[in-house]
Amino acid sequence: MIEILQGGMYLVGGTEILPDNAEAKAAIKAKTGKEITREEAAKGTIAYGILESHNTSGNMDKLKIRFDKLTSHDITFVGIIQTARASGLQKFPMPYVLTNCHNSLCAVGGTINEDDHMFGLSCAKKYGGVYVPPHQAVIHQFAREMMAGGGKMILGSDSHTRYGALGTMAVGEGGPELVKQLLNQTYDINMPGVVGVYLKGAPVKGVGPQDVALAIIGAVFKNGFVKNKVMEFVGPGVANLSADFRIGIDVMTTETTCLSSIWQTDREIEEFYEIHGRKEEYAELNPAQVAYYDGMIVVDLDKVRPMIAMPFHPSNTYTIEELNANLLDILDETEKRALVSLDGAVEYSLKNKVKNGKFMVDQGIIAGCAGGGFENICAAADIMKGSYIGSDGFTLSVYPASMPVYMELVRNGCVASLMETGAVMKTAFCGPCFGAGDTPANNAFSIRHSTRNFPNREGSKLQNGQIASVALMDARSIAATAANKGVLTPATDFDGEIGKYKYHFDSKIYANRVFDSKGVADPDVEIQFGPNIKDWPAMGALPENMVLRVVSEIHDPVTTTDELIPSGETSSYRSNPLGLAEFTLSRKDPNYVGYAKQLRAAQEAVMAEKCPLEACPDLELGKVMDVIKKEFPEAGKGNVGFGSTIFAVKPGDGSAREQAASCQKVLGGWANIAHEYATKRYRSNLINWGMLPFLIEEGDLPFKNLDYLFIPGIKKAVEKKTEVIKAYVVGTDSLKEFDLRLGELTDEERQIILKGCLINYNRV
């Protein structure tokens, strides 16, 4: 089904894969009549050409990218615009689309959601942007329909910003990276590796894009095969996939931890642009006659079968047939993994879902940027036609990804077919993907064609003793399960016909409702604020020396951004930095906020030129400083900063939300300490909020939770690019030395850290 080819690989003529060795080079010379170096062949990837055309540095090893367009949703755009405004924003310098798909249905927070929407509309008018009202489209569907273009690059403040199937290299990043683009700065990265994804064959009936995506994720996530690389989809199998099918695979590449994705394009994609009235945006993209890749993933589409990603990660994958054949063993494995994810905070069992040897599901959801596509929902309607979900506990909700998709489903009768089965049709909304809609009952099991299944992504609250499970599946197998009244069933068991429906895009829906400034700013427009839209608090510059207290210690193999700052109902407070920060680590470590605030009070005293020791009498900072001064007598008033840090083995998997870092910062956080960072975007968020992304070698930690650490000369170490930074654990009467590293930082990133955050770096 999936084969991983390690090491360098050449793709010749788009169909022949050769390993990077002498025999391959001889074969290439025989085919092309000339010797082609690895470096030359590396320029033959689609990704290289797009990156080169957007790079402003003149150095393809050190990229400085300017994107063509930006996109954000209503969890992130307020903070982004507020940051840019604090730095002197006058006009959006490129098309910037503000969608409202993440809190459209939230009932938490009073007027907060609609206040934020009106803030977005007024900013689109003032600065020359595009505003998509609630319920019109989820962020990525609107981008596919109205923003993507062949050979273009789009930056979005959502991790699933992926439009590679349409020939657009898209990157999901934290908000500060969009702020840089708004301020005419650049996205700075080393040239990423490019891994080929070679598709061959064609999917069998009942297999959908989520099945292919989960098969790939299961094969590459744990070994980090594509981490921070570009996935380039090539091979003869591409032509056997519809545009919708390709899009459905592409959007899930985020869960591999890759940087971005790109696909070869053809007549199928050209027709997609024609349907959407944007034929001029199509570009035919293919690798060169000889292209070099840093690895290859070979996907035999014929062999892919309906998949399921069991709780609590998209990489916990099995075929549904395998799960049903080894039910109790796999459920036992899943329960054991859950003990790590849930810290034993609640009782968790899946074996009680087995009834008469069958696994019973409580809920089905088809939604969002992954599941809400036209073909997915049409297929689900065909599979369920003539069936009924019954009047017991099982429920099914379907969220088309945009109003134009919904309209076409109404016109072709698929909506009626689904509603007759007992399914509920809802509007374009991302809620089921991040825990803000269709929350199931405690201990329920929900199967979802969405993007993630981390703990609490379904909306339960671990801190309240609640837990429910999400497993990821394709819409086709969700429909087959629904038709079987909740018995887990692969769509390959369906023996009826799954039709091919022609899609017609109704452009009037957007023309009549979406505000598009056409890039024209109106500086006379007053921004509409709400009482919960707050400015960022003042943040100080990096001090000469640093006292940190470890206020949370997390030893899970991976810590997600959802655990750092929960999604769901907390995001209603996303425009109030201090209000949102109250939820930081609330599901993982409820004591974190209180401990962090104590150190924040000390740093606030430093910034106000007051005594931090007097500001925090309960912390006994005087004793800490007494121990430090034994070896560093010069450390004292005016040259020591105070703050908190967390330790996590591998933090930052998942969402691009900058709040995972900014919430720590506004609570007084100055650093993270980790063995490794799960994603570039989380590390970038730390840096842009002036936090030190420390690395520590694996092994026994020299410190424990609530220990104090002293880092002398930290400012000079950042300035001088010191590779190994000496730090000390403050004991009762002595210091214990250990080593930290910051990893590679650009000159601009060092300046941001030295200034204390991106806002300070850009402040005018």
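These are my notebook entries on a few helices, strands and one loop residue.

**Ground rules.** I'm working with a predicted model, where local features need pLDDT of at least 70, side-chain atom pairs count only at pLDDT 80 or more, and totals for chains, interfaces and linings use all residues. Residues are numbered from 1 along each chain as its sequence is written, and side-chain values use heavy atoms, with hydrogens and water left out.

**Helix 5.** I took helices (H or I, at least four residues) and strands (E, at least two) as DSSP runs, numbered from the N terminus. Helix 5 covers residues 112-127, and its 16 residues reach 22 Å from first C-alpha to last, close to the 22 Å expected. That expectation is 1.5 Å times one less than the number of residues. I then checked burial (buried is under 20% relative accessible area, exposed over 50%, partly exposed in between, with a 1.4 Å probe and protein chains only). In helix 5, 13 of the 16 residues are buried, so the rest of the structure largely encloses it. Right after helix 5 I found G128, with a positive phi near 85°.

**Helix 8.** Helix 8 (residues 209-220) should span 16 Å with its 12 residues, and its end C-alpha atoms are 17 Å apart, which agrees. I count this one as mostly covered too, with 10 of 12 residues buried; among them are P209, D211, L214 and V220.

**Strand 8.** Which way do the residues of strand 8 point? M153 and L155 go one way, I154 and G156 the other, and all are buried. In a regular strand, side chains alternate between the two faces of the sheet. Next I looked at pairing, which takes at least two DSSP bridges between two strands. Strand 5 (residues 69-72) runs parallel to strand 8 over three bridges, and strand 9 (residues 169-172) is joined to strand 8, also in parallel, by four. I noted L155 twice: L70 is its bridge partner, and V171 in strand 9 stands opposite L155.

**Helices 9 and 10.** I used axes fitted to C-alpha atoms over the stretch in contact, with angles from 0 to 180 degrees between N-to-C directions. The axes of helix 9 (residues 243-250) and helix 10 (residues 267-275) come within 9 Å and cross at roughly 95°. The two helices are therefore roughly perpendicular (65 to 115 degrees). Touching here (heavy atoms within 4.5 Å) are A243, R246 and I247 of helix 9 with E268, I269 and F272 of helix 10.

**N576.** Is N576 buried or exposed? At 13% relative accessibility, N576 counts as buried, although it sits in the loop between helix 20 and helix 21.

Conventions: Angles under 35 degrees count as roughly parallel, over 145 as roughly antiparallel, 65 to 115 as roughly perpendicular and the rest as oblique.
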